[in-house]
Amino acid sequence: MASSTPTLEVRDAVKSYGEVKALQGVSMRIEAGQFMALLGPNGAGKSTLFQLLSGLFVPDAGAIAICGEDFLKKPTIGLAKLGVVFQQPTLDLDLSVTGNLRFHAALHGLGAEGRARIAPLLAQVGLGDAGDKICRTLSGGNRRKVELARALLHRPALLLMDEATVGLDPQSRTTLMALVKGLCRDQGLAVLWATHLVNEAEAADRVYVLHKGRKLTEGTPTEVVAASGCASLEEAFLKMTVPPAGAAPGGKPEEKAA
Amino acid sequence: MKLGHALEALWAISSRELRKFIQQRSRLLSALVRPSLWLVVFAAGFRNVFGVAVIEPYTSFVEYQVYVAPGLLGMVCLFNGIQSSLAMVYDREMGMMRLLLTAPLARAYLLACKLVAGTLLSLVQCYAFLGVCALFGVDLPWIGWLYALPALLLGGLMLGALGLLLSVYIKQIENFASTMNFVIFPMFFMSSALYPLWKLKESGADWLFYVSSINPFTHSVELTRFAMYGQLNVESLAVVAGTLVVFFAWAAYGYDPQRGMVKKRAQA
């Protein structure tokens, strides 16, 4: 495989829900080890993009490849290389931390080797002594860490974090972010981190701004700020996505918000 | 898809369902109370009202309780099949379903795992109910417990597949009550579970007789009734197997990402 094969490549993805155009030709490329923040206001199409990337739906048009493999033709190959932390909690709360991870290991067919990875992985995310705890007894931040460990269990090449910090306190947010950034650096994990929080996007390698189903801009945080002529990313983001007095600079006025 | 992986996933999904079922003790209780009430109260009240003539597979007059037992086993499978679909709708709203669908396995296979897991619960409940029947002295042949197993399995799969299909179309948990009214009760009453179909014909309710005789639930009950006495009802076997294939294929189609599973809701 050529070293230039991106971990994720999306080309001109289009998805409509009836009249509502959720994505109108979105392209994206994430390399191994890259931390990409997907920034967009509510309704920008972030969730739709995640639904396509996690294989829940297929796009109406366009292509998605994970590690060079066509995700639409062979979804199971892509899914094996994909770790997802959903916005909604998806832990079995009546099961122990280890039990949840074992269930996931079985779904991925990891066998005894996968079960052996659980304890070190829990230690890595800072839950080394929580393996036997029932998930219901964990704090929100720790539940998210369990979900992160679960998403990493099958050693994915690409990690999707769908507004994973929603509802977490600032400290848990920072910890979670630091963990994931460490994985990018040390293990070459590619990350797509959806958020509507500008300060999270500031810490990313690259920022991708999605608005009304289209890409507004993409680049390093510094580049995005420089291109906008604003002083900060927050200012740049607001300038791009909030219409000043009636006009809609981000998209054509007749477009419906997805 | 590797066989080892497929079996590992099937085991994980089945044992998860079983564990959840064991944790909810009230579910087993209500699964048993429902048919037991029919067996004890309804059957006691009506045993003299309904004189059941000698019909196949019986070789002599049978007590009404003996007649109704296979129908009540069917009821157990019917309720559990639909209840499993309720769990699917719940999982879908709670996001668990999305997690399941990111497993690197064919989607139809994951649905089949869900179906098998739900059917195992049906079987557990059926045998618990057979225990209740024995406790109340219902005269069922002991060897029938064994003979009935494949019939209950197939019937359970068919009714579970029906539940799976309904879960594609039930958008919200709240719609479940109407499913009870529009699916469970008509299926149960318009069948041979409570009375032999010739009774309907004799009463002059020809259309009811017709509907009941094509009701797949009737055939799952008859399959069990015949199996209890070591006999194979070929017609019922064909109907149950055929509807199982249709219901499952239809449900798998509904869960196909090309068509879209969750109702296409606009993003908030």
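Visitor: How many helices and strands are there in chain B?

Guide: Chain B has 11 helices and zero strands. Helices (H or I, at least four residues) and strands (E, at least two) are DSSP runs, numbered from the N terminus. The model is predicted: local features need pLDDT of at least 70, side-chain atom pairs count only at pLDDT 80 or more, and totals for chains, interfaces and linings use all residues. Residues are numbered from 1 along each chain as its sequence is written, while chains are lettered from A and ligands numbered from 1 in the order in which they are written.

Visitor: Why is chain B called as compact as a globular protein of its length?

Guide: Its radius of gyration is 19 Å, close to the 18 Å that the globule rule gives for 268 residues, so chain B is as compact as a globular protein of that length. The radius is taken over C-alpha atoms, and the rule is 2.2 Å times the number of residues to the power 0.38. Along the principal axes, the C-alpha atoms of chain B fill a box of roughly 60 × 35 × 35 Å.

Visitor: What percentage of chain B counts as buried?

Guide: The figure is 42% of the 268 residues. A residue is buried if 20 or more other C-beta atoms lie within 10 Å of its own, exposed if 12 or fewer, and partly exposed in between, with C-beta atoms placed from the backbone.

Visitor: Next topic. How many residues does each chain give to the contact?

Guide: Chain B gives 27 residues and chain A gives 30 residues. Two residues are in contact if their C-beta atoms, placed from the backbone, lie within 7 Å.

Visitor: Which element gives the most on the chain B side?

Guide: That is α1(B), with eight residues. By class, the side of chain B that touches chain A has 14 nonpolar, eight polar and five charged residues. Ala, Val, Leu, Ile, Met, Phe, Trp, Tyr, Cys and Pro count as nonpolar, Asp, Glu, Lys and Arg as charged, and the others, Gly among them, as polar.

Visitor: And chain A, what domains is it divided into?

Guide: Domain 1 covers 1–81 + 158–258, and domain 2 covers 91–155. These bounds come from an automatic or database domain assignment. The C-alpha centres of the two domains lie 26 Å apart. Each domain puts nine residues into their contact. On the domain 1 side, the largest share comes from helix α6 (residues 170–187) of chain A, with three residues.

Visitor: Is α5(A) largely enclosed or not, and why?

Guide: Largely enclosed, because 10 of its 13 residues are buried. Among them are A:Val146, A:Leu148 and A:Leu152. The buried residues of α5(A) pack against β6 (82–85), α3 (97–107), α4 (111–124), β7 (158–162) and α6 of chain A.

Visitor: What about β7(A), which residues are buried on its two faces?

Guide: On one side they are A:Leu158, A:Leu160 and A:Asp162, and on the other A:Leu159 and A:Met161. In a regular strand the side chains alternate between the two faces of the sheet. Five of the five residues of β7(A) are buried, so this strand is largely enclosed by the rest of the structure.

Visitor: Which strands does β7(A) pair with?

Guide: β6(A) runs parallel to β7(A), joined by four bridges. Strand β8 (residues 190–195) of chain A also pairs with β7(A) in the parallel sense, over five bridges. Two strands pair if DSSP finds at least two bridges between them.

Visitor: What is the bridge partner of A:Leu82 in β7(A)?

Guide: A:Leu158 is the partner. A:Leu158 also stands opposite A:Ala190 in β8(A).
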